[in-house]
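The following exercises are to be worked with the sequence and the coordinates at hand. Each task is followed by a solution in steps.

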Amino acid sequence: MRVREGRGVRGGQSGRVVEVVERRRDTFVGSYLERAGRGLVRVDGGVFHRSIPVGDPGAKGARDGDKVVVQMLRFPTADRRGEGVLTEVLGPAGAPGVDELAIIREFELPEKFSDAALAEAADRANAFEAATAPSDVSDAEVVPVDRTDLTGESVVTIDPVDARDFDDAISLTRSDDGHWHLGVHIADVAAFVEPGSELDAEARRRATSVYLPGRVIPMLPELISNGLASLQEGRLRLTKTVRIEFDPDGVPVEVSFLNSAIRVRERFAYEQVLPVVEGADDAIEVSVDIKKQLTQMRDLAMTLRKRRAAAGMLEMALPEVKLQLDGDRSVSGAVEVDHDQSHQIIEEFMIAANVAVATKLFRDKTVFIRRSHPDPDEENLREFADYVGTLGFKLKRYQSRADLQKLIKTVAGDPSGRAVNYALLRSMKQAVYTIEADGHYALAEEHYCHFTSPIRRYADLTVHRLVDARVRGSKSKGESVEKLAETAARCSELSRRAEAAERELVRVKLFRYLEDKVGEPFTAVVTGIERFGMFCRGAEIPFEGLAHIRALGDLLGGYVDYDEATRTLFCRERNVSFTLGQELTVVITRVDLAARKLDLLPQVEGLEIKPEKLPTSSDDAGETDQRSSGRGRKRPENARGRRTGPPKGIKRRSKGKKGPKVRAKRKR
């Protein structure tokens, strides 16, 4: 790429691609169609401007509308069309499982385990069953001699009702001096997956489990992930235990590690915990000592949470929306998950264990894979402060965690709250796996790692092996620094791929659901405003769509102008404007699944919204719809040739009120 002199349209540097040295991939997923005696594929997501010819019609039995995989023989250029060949037909678009399979192929997610890895998992399972089988004099499973026997402790698990792995458990007691004695017990995957083994090679290759709606692609075979290393109620399981003693104020005073064996006494879903603690009428029946234990867990977790807040932790109020799926894994609705104290109990204890392990390894001068969240760039925070200023919120000390915390609390419950939280998230850097001691900004921790989920994260497994060496008194430092750095980079890359695949499948499933909702009204919040239109996010259903400035102009019957200073779109003829954080009612006008675009328009009293039709396919079917990348209508100019701001006399929108209002004049 050749960088141009000066700045681009948004103030950043710009450049021009002069040569493609290497392409990351050459296979793509798309929709098959036939036109003029030719087979074509419209690649999903608007990757290419035009559809890709794939030879004779009906190759591999493909039919119009099928999802297919195409391998590029020649990539398109500015003056020549690309060419590809069909390698796989996935099935009719929208058929059960096809969208899921399309995302798996698009992101090149691994599905099948090698025969060698499966055979090794079976051998491990057989060996474990033989070693722990009940003796002639007892029907209890035998604890291995090299393990600390914790089967007599009251150990519980708290997980989502539909949890897919169970790899962490908790025990807690309180002594007469008021000290808390916390035990965090994590499935000992390292006991079954040895370095250099086939299972290790498979886990390293995958780096993470992938959690798609309704399906998991695990990092380890089911015999391990849902068998040997799953902390099932009442079963003997091998664990790595972190014991932490806290004083009455929640300050850790002692930490120790154990190779242990536990037997989970009670398994709880999140929804069951608070009713038990609060003595609700609908609470499930538990013993007195279990109720006491859950109450103490809540009390300690809230104490730890207050300490982290005082230290400057940042927790953005971004509600988790969970899709509801029917029998064939199609979306039937969505619900917002309440992140209440039952979730926070486990969150606080897992963070405490991760910090304890990272701090111990650091003090031992051990190089390990950390989970780092670097400090945000000052320029990004300054831009964020300017942004929230346009919404009416002051943030003078934008570098101050305390002021950021205060802002998050201030916008809680405000219609602009979601926009503020998303903007703050965008101003942050991505968390990564690294061997560098960069700290964790959001958690306000100097040393942090991932230790608590070795079933689904390879980075955690590497940390488990280092802990195991310390428990056994070994001086082993594990892998070389170079190898560890390479593993950390791979874990970061593949965890981002997994998250992107999940997001994309959620989007596809939502769009599939919304295809039948075109023309229906939804409550939404304006989350972004650009020269070409405004982005909105649904409140009840978590869709994201664009109201293009040209479509807004057609709806309002006048010019729609953009005020950069206040991030406002306004129409002088209608005396209407749209601002960041505004809550409004929108109508979905068009769903384009292939391009993965959703168009919408705001409801304005007295104006009729007409849903749009998708463009009809032609010989060049699949060309990118350019409406979403245009600049919008040319803004009117006054007699001196200057572009005009919002109409005079229009006051700023009051926070928390619905409906379109126009904001103040732009600064020249």
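Two strands pair if DSSP finds at least two bridges between them. The structure shown is a predicted model.

**Exercise 1. A hairpin and its turn**

Task: Determine in which sense strand 17 and strand 18 pair, over how many bridges, and which residue in the turn has a positive phi.

Solution.
Step 1. Strand 17 covers residues 320-325 and strand 18 covers residues 331-337. The two are joined by 6 bridges, and their pairing is antiparallel.
Step 2. To place one bridge exactly, take glutamine 324: its partner in strand 18 is glycine 333.
Step 3. The two strands form a hairpin, with 5 residues between them. Within this turn, arginine 329 has a positive phi of about 65°, although arginine 329 is not a glycine.
Step 4. With a relative accessible area of 31%, arginine 329 is classed as partly exposed, because that class lies between the limits of 20% and 50%.

**Exercise 2. A second hairpin**

Task: Describe how strand 10 pairs with strand 11, and decide whether strand 10 is largely enclosed or open to the outside.

Solution.
Step 1. Strand 11 (residues 180-187) pairs with strand 10 in the antiparallel sense, over 7 bridges. One contact to check is that of threonine 173, whose bridge partner in strand 11 is histidine 181.
Step 2. Between the strands of this hairpin lie 5 residues. Glycine 178, in the turn, has a positive phi of about 85°.
Step 3. Strand 10 spans residues 168-174, and 5 of its 7 residues are buried, so strand 10 is largely enclosed by the rest of the structure.

**Exercise 3. A positive phi in a loop**

Task: Locate glutamate 108 with respect to the helices and state whether glutamate 108 is buried, partly exposed or exposed.

Solution.
Step 1. Glutamate 108 belongs to the loop between helix 1 (98-106) and helix 2 (115-132).
Step 2. The phi of glutamate 108 is near 55°, a positive value in a residue other than glycine.
Step 3. The relative accessibility of glutamate 108 is 39%, so this residue counts as partly exposed.

**Exercise 4. Two open sheets**

Task: Give the strand order of the sheet that contains strand 25 and of the sheet that contains strand 3, and name the edge strands of each.

Solution.
Step 1. Strands of a sheet pair through backbone hydrogen bonds, either parallel or antiparallel.
Step 2. In the first sheet, which is open, 3 strands are arranged in the order 24-25-26 with antiparallel pairing. Strand 24 (561-563) and strand 26 (576-579) each have a single partner strand, so one side of each is left without a neighbour in the sheet. On average, neighbouring strands of this sheet are turned by 25° against each other, direction ignored.
Step 3. Strand 25 (residues 568-571) is joined to strand 26 by 4 bridges; in one of the pairs, phenylalanine 570 has serine 577 of strand 26 as its partner.
Step 4. The other sheet is also open and antiparallel, with 5 strands in the order 5-4-3-6-7. Its edges are strand 5 (52-53) and strand 7 (83-92), each of which pairs on one side only.
Step 5. Inside that order, strand 3 (residues 27-35) and strand 4 (residues 38-43) share 6 bridges. Arginine 35 has arginine 38 of strand 4 as its bridge partner.

**Exercise 5. Cysteines**

Task: How many disulfides are there, taking a sulfur-sulfur distance within 2.5 Å as the criterion?

Solution.
Step 1. For cysteine 491, the nearest cysteine sulfur is that of cysteine 449, 13 Å away. For cysteine 536, the nearest is that of cysteine 571, at 16 Å. Neither cysteine 491 nor cysteine 536 is in a disulfide.
Step 2. The count for the model is 0 disulfides.
Step 3. Cysteine 491 is buried at a relative accessible area of 3%, and cysteine 536 is buried at 0%.

**Exercise 6. A cavity lining**

Task: Which residues line the second largest cavity, and how do they divide by character?

Solution.
Step 1. There are 2 cavities of 30 Å³ or more; the second largest has a volume of about 40 Å³.
Step 2. Its lining consists of Pro110, Arg206, Thr208, Val210, Ile217, Pro218 and Arg497.
Step 3. These residues divide into 4 nonpolar, 1 polar and 2 charged.

How values were computed. Residues numbered from 1 in each chain as written. Predicted model: local features only at pLDDT ≥ 70, side-chain atom pairs only at ≥ 80, totals over all residues. Heavy atoms only, no water. Axes fitted to C-alpha atoms, helices over the stretch in contact; angles between N-to-C directions. Disulfide = S-S within 2.5 Å. Buried < 20%, exposed > 50% of the residue type's maximum accessible area, 1.4 Å probe, protein only. 1 Å grid on protein atoms, 1.4 Å probe; cavity = no way out; pocket = protein on both sides within 12 Å on 5 of 7 lines; lining within 4 Å. Points joined across faces, edges and corners; volume = space filled by probe spheres on them. Nonpolar A, V, L, I, M, F, W, Y, C, P; charged D, E, K, R; others polar.
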